[in-house]
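Visitor: Please take a close look at one part of this model for me. I would like the lid domain examined, and then its surroundings.

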Amino acid sequence: MTALLQHPGYEEQRLQRVAEQLPCRELQAGTLLALMGEPQQYSYPSIFIYGHRASGKSHVMDVLMSELELPNATVSCVECVSVPLLFEQVLLSFFGCDAASLLPRSPSLSDFVRIYKQQCSQSPAKETRYIVMEKSELLRDTDANLLPALLRLQELVEDNVTVILLSEIVWDVFRPNTGCFEPLLLNFPDYSKGELLQILSQDRHPSYSAEFYLSYINILLGVFYSVCRDLRELRHLAALNFSKFCEPLTEGKAKETDTHKLWKNIEPHLKKAMQTVYLREVSSLQWEQMQQMEERESGAVRGLSAHTHVELPYYSKFLLIAAYLASYNPARTDRRFFLKHHGKIRKTNFLKKNEKMSNHLLGPKPFPLDRLLAIFYSVVDSRVAPTASIFSQISSLVTLQLLTLVSHDDQLDAPKYKCAVSMDFISAISRTVNFDIVKYLYDFL
Amino acid sequence: TPRHATPSIPSRTLAARQPTNVLEEARTRLHVSSVPESLPCREQEFQDIYSFVESKIIDGTGGCMYISGVPGTGKTATVHEVMRCLQHVADVDEIPPFNFVEINGMKMTDPHQAYVQILQKLTGQKATADHAAVLLEKRFSSPAPRQETTVLLVDELDLLWTRKQNVMYNLFDWPTRRHARLVVLTIANTMDLPERIMINRVASRLGLTRMSFQPYGFKQLQQIITSRLNKVKAFEEDALQLVSRKVAALSGDARRCLDICRRATEICEHSAPDPSATGLVGMSHVMEALDEMFSSPYITAIKCASVQEQLFLRAVIAEFRRLGLEEATFQQVFVQHQALCRVEGLGPVGVSEGRAACQRLGACRLLLLEPSRLGLLQRVRLNVSQDDVLYALKAD
């Protein structure tokens with residue numbers, strides 16, 4: 001296993017420690033070490049590492065940098081909201097705070113290069129310096145010249161420095177239109193099921209045997225592998241549900257070898273976890289509390305998405321219903337639904353070619369204010385005066401984001417709206433006012 | 001600290017070398033920076049400007065003149081020569097003495113800097129732009145009987161354009177004041193500049209004293225070169241004629257003409273078998289220099305592109321023909337690219353390779369591309385004509 005990590009420039013023991021910390025990533029770490037070369041050798045100016053989330057990009061860089069004690073500046077592009085912060089961090093971690101304080105108030109790229117060069121001549125690099133940029137896809141949103149300059153920083157500052165970019169997306173969508181120095185591309189593939197098993201089974205509980213924990217991970221992967229291959233997520237789920245898995249053992253109902261019994265016990269529990277805690281409907285803390293309280297069935301606590309019930313004033317409810325009807329019904333059918341004396345028109349006669357598709361699949365359509373009010377007056381039984389309060393309720397529905405304004409904000413005359421609530425939400429609301437919305441929807445005719 | 005350093009061209013440490021042979025002699029004479037004392041072929045324009053400025057200086061009045069012409073027709077050189085002559089005449093007391101101030105729109109970071117520069121050159125005072133405008137306003141509007149006439153040359157006038165046009169307005173308004181004694185000569189490239197960008201009150205103050213410099217004809221260009229060379233026998237007659245005819249046909253730019261001649265002398269020097277015994281610059285050398293100057297680099301770039309890049313260009317044209325449009329998405333072109341690869345018997349090409357080829361072509365501006373973050377939906381257009389691409393791809 002450690003045979004892959006051999007490099008003349010570094011001590012054997014350290015490489016061994018690195019290999020222990022990087023299960024299933026020896027190949028990538030070996031490639032990186034080969035690219036980096038011995039500490040005093042010049043490395044390639046820029047390396048671009050891409051791979052899915054939780055494929056160990058940052059971890060590998062972190063372990064390599066810390067274990068081999070390489071001079072490095074690890075910068076997260078999310079934290080560096082402005083370019084000066086990035087420059088400051090790099091200078092800070094290479095040359096200490098004196099250098100960082102030399103930067104002028106709003107430093108440009110050339111200021112950075114100048115100060116870097118100046119510091120570099122005072123303390124020349126004995127080893128390759130590494131700048132590790134995490135989430136580097138955000139570099140594309142900064143100044144257009146930053147990414148090309150970072151890619152050839154070695155040339156600019158005339159120092160033994162290598163920039164390592166970590167990203168989840170491919171290099172093709174990074175390349176600036178004016179071209180740039182091409183970095184070396186390195187892919188971190190996803191962990192396979194076996195590799196996930198190997199990594200997850202490392203953090204076992206000390207009071208249980210390794211085989212027991214392995215069988216637990218096996219069951220967990222059997223449930224979750226089809227929907228989730230994210231190591232972090234799986235690790236989190238494994239930690240959350242392990243106590244439930246051990247329950248039969250503590251109660252003395254089963255032994256460690258009763259795999260089938262244990263599986264029977266945990267499987268419905270994991271299935272429920274997929275619908276609740278995996279979707280963050282129920283927070284991890286609530287989930288743990290639910291496991292403590294035996295009698296209450298897990299999932300009985302209402303999740304986040306069950307809290308969609310909103311208390312609205314009476315007319316607001318009708319306004320929202322009217323908006324929903326206006327959004328999802330074609331305007332031609334309004335006569336048929338909302339006038340008293342209309343001829344019966346069957347749906348087949350109404351259908352145009354492009355309306356075969358359900359309006360609910362196409363999403364809401366914009367409607368003018370007049371139509372909203374017309375439908376509103378026909379669905380409300382009593383006589384309602386068009387007072388200021390009715391109109392202000394419309395605009396407060398917009399601020400609650402239940403309606404959206406489609407035309408310009410400043411338009412007073414005939415503004416257009418869209419209804420932004422789901423079918424479930426509106427049927428819940430119409431039930432509270434005893435209104436049968438399905439009868440009025442063209443799609444369900 | 002280096003933050004306050006002024007950028008400058010490094011100064012020369014060694015003295016300039018004396019020319020050793022005929023060709024080097026010719027090259028120094030043909031250099032654009034060695035402006036001769038008298039400009040041939042611009043006698044009429046010289047006379048016009050001279051008499052305009054002279055009459056204003058003698059009368060002690062002011063006025064504006066607008067000079068236009070394509071680049072390389074000797075506008076600035078002629079005006080400078082006029083000023084030199086007038087200065088000479090003023091030195092021998094034939095006309096009253098005058099100040100000459102020159103500003104260049106290209107050398108300013110902001111149009112309002114014009115005030116600062118004029119003030120500094122007139123009085124040596126330093127002031128902010130607003131203050132300088134006030135001071136100049138006062139200077140040109142208050143009576144000062146002993147004041148000398150000021151001749152102001154404004155080069156690259158179009159860059160002094162601001163949204164309110166106050167800089168231009170002031171420049172043209174000051175000469176109309178009674179006590180100003182200011183002559184403004186303005187130079188720009190286009191003839192209809194006053195009509196195009198100036199509002200009426202500015203254009204009317206500029207007045208109708210216009211002069212346009214026509215591009216040089218081939219005879220004039222030939223004359224310019226011969227006068228520059230001044231009896232140095234370095235060129236064959238036919239070669240000179242070819243250069244001037246070519247340049248006259250394309251632009252009539254004298255600077256371009258001189259550049260080509262200088263390049264031809266270099267080519268002649270390099271192609272000679274023996275460095276000491278170089279002959280005259282002949283037809284072939286001039287032809288080579290002309291080719292270098294005028295041939296399109298795009299075709300050479302396409303010819304030298306890699307196989308995949310050339311295939312991509314062919315795919316672009318094939319897709320344009322299929323769609324009947326001059327624009328396609330990368331996705332559409334890539335399908336053609338793959339098909340072409342199959343036809344050519346090359347290995348299948350991946351999307352990343354295809355995009356790399358596409359973006360390399362975009363970086364050297366053979367293609368016009370949208371930002372690369374659009375992915376496969378990035379739209380592709382050709383920056384060269386289809387005929388050029390086909391010619392370049394067919395040639396081998």
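Guide: Residues 213-280 of chain A are 74% helix and 0% strand. The C-alpha atoms at the two ends of this span are 25 Å apart. The model is predicted. The name of the span comes from UniProt, where an unreviewed entry places the feature "domain: ORC5 lid" at residues 213-280 of chain A.

One salt bridge involves a residue of this span. The side chains of A:Asp203 and A:Arg235 meet at 3.2 Å, N to O. A:Arg235 sits in helix 11 of chain A, residues 231-251. A:Asp203 sits in the loop between helix 9 (193-200) and helix 10 (210-224) of chain A. The two residues are 32 residues apart, so the pair links distant parts of the chain. Over all chains, the count comes to 32 salt bridges.

Compare another annotated span. An unreviewed UniProt entry places the feature "domain: Orc1-like AAA ATPase" at residues 21-164 of chain A. Residues 21-164 are 46% helix and 15% strand. Their end C-alpha atoms lie 20 Å apart.

Now the contact with chain B. Chain A contributes eleven residues and chain B contributes 15 residues. About 1,000 Å² is buried between the two chains. Carbon and sulfur atoms give 38% of that area. On the side of chain A, three residues stand out: A:Asp172, A:Arg175 and A:Asn177 supply 53% of the area that chain A buries against chain B. No other three residues supply more.

Next, the polar side of this interface. There is one salt bridge between chain A and chain B. In it, the side chains of A:Asp141 and B:Arg373 meet at 2.7 Å, N to O. Seven residue pairs are in polar contact across the interface, with both residues at pLDDT 80 or more. The side of chain A that touches chain B divides into five charged, three polar and three nonpolar residues.

Last, the sheets. In chain A, three strands form an open sheet in the order 6-8-7, with antiparallel pairing. Its edge strands are strand 6 (367-368) and strand 7 (403-405), and each pairs on one side only. Two bridges join strand 6 to strand 8 of chain A, residues 416-419. These two strands run antiparallel. In strand 8 of chain A, A:Lys416 is the bridge partner of A:Pro368.

Chain B also has an open sheet of three strands, in the order 6-8-7, and its pairing is antiparallel. Here the edge strands are strand 6 (328-329) and strand 7 (367-369) of chain B, each pairing on one side only. Three bridges join strand 7 of chain B to strand 8 of chain B, residues 379-382, and the two run antiparallel. One bridge pairs B:Leu367 with B:Leu382, which lies in strand 8 of chain B.

Terms used: Residues are numbered from 1 along each chain as its sequence is written. Chains are lettered from A and ligands numbered from 1 in the order in which they are written. This is a predicted model: local features need pLDDT of at least 70, side-chain atom pairs count only at pLDDT 80 or more; totals for chains, interfaces and linings use all residues. Side-chain values use heavy atoms; hydrogens and water are left out. UniProt positions are given in the numbering used here, feature names are shortened, and annotations may be inferred rather than shown by experiment. Helices (H or I, at least four residues) and strands (E, at least two) are DSSP runs, numbered from the N terminus. Contact means heavy atoms within 4.5 Å. Buried area is the accessible area (1.4 Å probe) that two parts lose on being put together, summed over both. A salt bridge is a side-chain nitrogen of Lys or Arg within 4 Å of a carboxyl oxygen of Asp or Glu. A polar contact is a pair of N or O atoms within 3.5 Å; within protein, one must be able to donate a hydrogen and the other to accept it, and residues adjacent in sequence count only if both atoms are side-chain atoms. Ala, Val, Leu, Ile, Met, Phe, Trp, Tyr, Cys and Pro count as nonpolar, Asp, Glu, Lys and Arg as charged, and the others, Gly among them, as polar. Two strands pair if DSSP finds at least two bridges between them.
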